[in-house]
Amino acid sequence: MGYKVAVVGATGNVGREMMNVLVERSFPADEVFAVASRRSLGTEVSYGDATLKCQDLEQFDFSKVDICLMSAGSSVSKVWSPKIGALGAVVIDNSSCWRYDRDVPLIVPEVNADAVAGFTKKNIIANPNCSTAQLVVALKPLHDVAKIKRVVVSTYQSVSGAGKDAMDELWSQTKGKYVPGQEVEPKKFPKQIAFNCIPHIDVFMEDGFTKEEWKMVAETKKMLDPAIKLTATCVRVPVFVGHSESVNIEFERPITADEAREILRDAPGVQVVDKREPGGYVTPVEAAGEFDTFVSRIREDATVENGLAMWIVSDNLLKGAALNTVQIAETLIGRNLLKAAA
C-alpha cells in the first residue's frame with residue numbers, strides 16, 4: 001500500500017520541485033494533494049503526467065494523509081505544522097520555523113539519518129537551510145575521517161533562494177536596457193542584483209552577522225558536531241538557480257587533497273569534479289537540475305595546520321529544499337518508521 005502525501009505551498013518554486021522529485025524518484029504515493037493558500041485555490045500544478053488543482057489550506061482535511069511536505073514559510077508552518085502533526089501526519093517542514101527546536105530533528109539523510117527517529121515527539125521533521133544542506137553533505141565524510149575543528153565559508157547564493165519575486169527582479173533588471181552607472185530601483189533586494197553581488201541575506205543581528213550566516217553555524221552544530229567552529233559570509237549573486245560555496249576547513253589531523261578526493265568520491269550524494277585545467281570544475285549552471293552536490297578545487301591550505309580548501313556547488317531548490325525533503329520521507333519509510341494508513 002502506498003502513501004497519501006500533501007504538498008503545502010504547491011504553487012511556489014520549492015513546492016513545484018517537490019512534485020517533480022516525488023515523480024522522478026518514484027516515491028510510493030497512492031495519492032498526492034496540492035495544497036496552498038486560498039488565493040491559489042484551483043490553480044493547476046503538474047504532477048508527472050497529471051494535473052492537480054490546488055486545494056485550500058484552511059479547508060483541507062489533513063487527517064487523510066500520511067505525510068505533509070510543508071513549503072509555505074515559517075509563519076504558516078508555525079500555525080499549521082503542529083495541527084497537522086496532531087492529526088497523525090508526519091510534517092517535513094522546509095522553513096526555518098522548527099530547525100532549532102530540541103524536540104524536532106533537523107535532517108540531511110546523508111549526514112544524520114539516525115536522528116530521524118526523534119520525529120515522534122511532535123510529528124515534525126525540519127529541513128535545513130539550503131546553504132547548510134550542501135555544506136554538511138561534503139563535510140560529513142571528511143569529518144568522520146579527520147575530525148573538523150573549524151570551517152570558514154563564503155557563499156554565492158542564487159536568487160531562487162529568495163523566491164519567485166527575486167527571480168523576476170533579476171530577470172527584469174537583466175533584460176532591461178541596462179547601462180553601467182544607471183540607477184535601478186530594487187524591490188525584493190536592498191540593492192540592484194543584476195550585474196552585482198549583495199553581501200546581505202536575511203536580517204542583521206546584533207553581532208553584525210546576518211541570520212543566514214547564523215543559520216549555517218547553528219545547523220552545522222546541530223546536525224554534524226557541536227564542537228565545530230564555523231564562520232560564514234553569505235552573499236546573493238545574480239544567478240537564477242544553484243548555490244556555490246568557497247570553503248576552508250581546518251582538521252585535527254593531517255589530510256591531503258588526494259585523500260579528501262578519494263573520501264568524497266565514495267560519499268553518498270557527492271560528485272567530485274576536480275581537474276586542474278580551465279573548466280575542470282562545476283558551476284551553478286551545470287549543477288542546476290542535478291540531485292548531487294558537486295565538489296571541485298580541492299587543495300591543501302598551507303596557511304593553517306591541517307587545512308584544505310574546496311568549492312561546493314548544488315541546486316538549492318533540490319538538495320537545498322525539495323530533494324532533501326523527499327529523501328527524509330524516504331528515510332522514514334526505509335527505516336519502517338512510517339506506516340501507510342489503511
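User: A charge sits over a ring if NZ of Lys or CZ of Arg is within 6 Å of the ring centre and within 35 degrees of the ring normal. Which residue lies over the face of Trp80?

Analyst: Lys83 does, at 4.6 Å from the centre of the Trp80 ring. Please note that this is a predicted model, in which local features need pLDDT of at least 70 and side-chain atom pairs count only at pLDDT 80 or more, while totals for chains, interfaces and linings use all residues. Residues are numbered from 1 along each chain as its sequence is written, and side-chain values use heavy atoms, with hydrogens and water left out.

User: Which residues form an aromatic cluster with Trp80?

Analyst: Phe33, Phe60 and Phe62 join Trp80 in one cluster.

User: How many aromatic pairs are there in the whole structure?

Analyst: The search finds five. Rings of Phe, Tyr and Trp (its six-membered ring) pair if their centres lie within 6.5 Å; planes under 30 degrees apart count as stacked, over 60 as edge-to-face and the rest as tilted. Tyr100 and Trp214 form an edge-to-face pair, with 4.8 Å between centres and 65° between planes.

User: Where do Tyr100 and Trp214 lie in the chain?

Analyst: They are 114 residues apart, so the pair links distant parts of the chain. Tyr100 is in the loop between strand E7 (90–93) and helix H3 (109–112), and Trp214 is in helix H6 (residues 211–223). Helices (H or I, at least four residues) and strands (E, at least two) are DSSP runs, numbered from the N terminus.

User: How accessible are Tyr100 and Trp214?

Analyst: Tyr100 is partly exposed at 30% relative accessibility, and Trp214 is partly exposed at 32%. Buried means under 20% relative accessible area, exposed over 50%, and partly exposed in between (1.4 Å probe, protein chains only).

User: Changing topic: in what order do the six strands of the open sheet run?

Analyst: The order is E10-E9-E11-E14-E13-E12, with mixed pairing. Two strands pair if DSSP finds at least two bridges between them.

User: Which strands stand at the edges?

Analyst: Strand E10 (229–236) and strand E12 (270–272) do; each has a single partner strand, so one side of each is left without a neighbour in the sheet.

User: In which sense do E9 and E11 pair?

Analyst: Strand E9 (residues 148–157) and strand E11 (residues 243–251) are antiparallel, over eight bridges. Thr155, for instance, has Glu245 in E11 as its bridge partner.

User: What does helix H4 touch?

Analyst: Helix H4 (residues 130–146) packs on the sheet and touches E9, E10, E11, E12, strand E13 (293–301) and strand E14 (307–314). Contact means heavy atoms within 4.5 Å. The direction of H4 makes about 25° with that of E11. Axes are lines fitted to C-alpha atoms, for helices over the stretch in contact, and angles run from 0 to 180 degrees between N-to-C directions.

User: And how many salt bridges are found?

Analyst: There are 17 in the whole structure. A salt bridge is a side-chain nitrogen of Lys or Arg within 4 Å of a carboxyl oxygen of Asp or Glu. One of them joins Arg261 to Asp258, with the closest N and O atoms 2.6 Å apart. Both residues lie in helix H7, three residues apart, about one turn of the helix.

User: Are Arg261 and Asp258 buried or exposed?

Analyst: Arg261 is buried at 8% relative accessibility, whereas Asp258 is exposed at 54%.

User: Which residues are joined into a network by salt bridges that share partners?

Analyst: Arg38, Asp56 and Glu58 are joined into one network.
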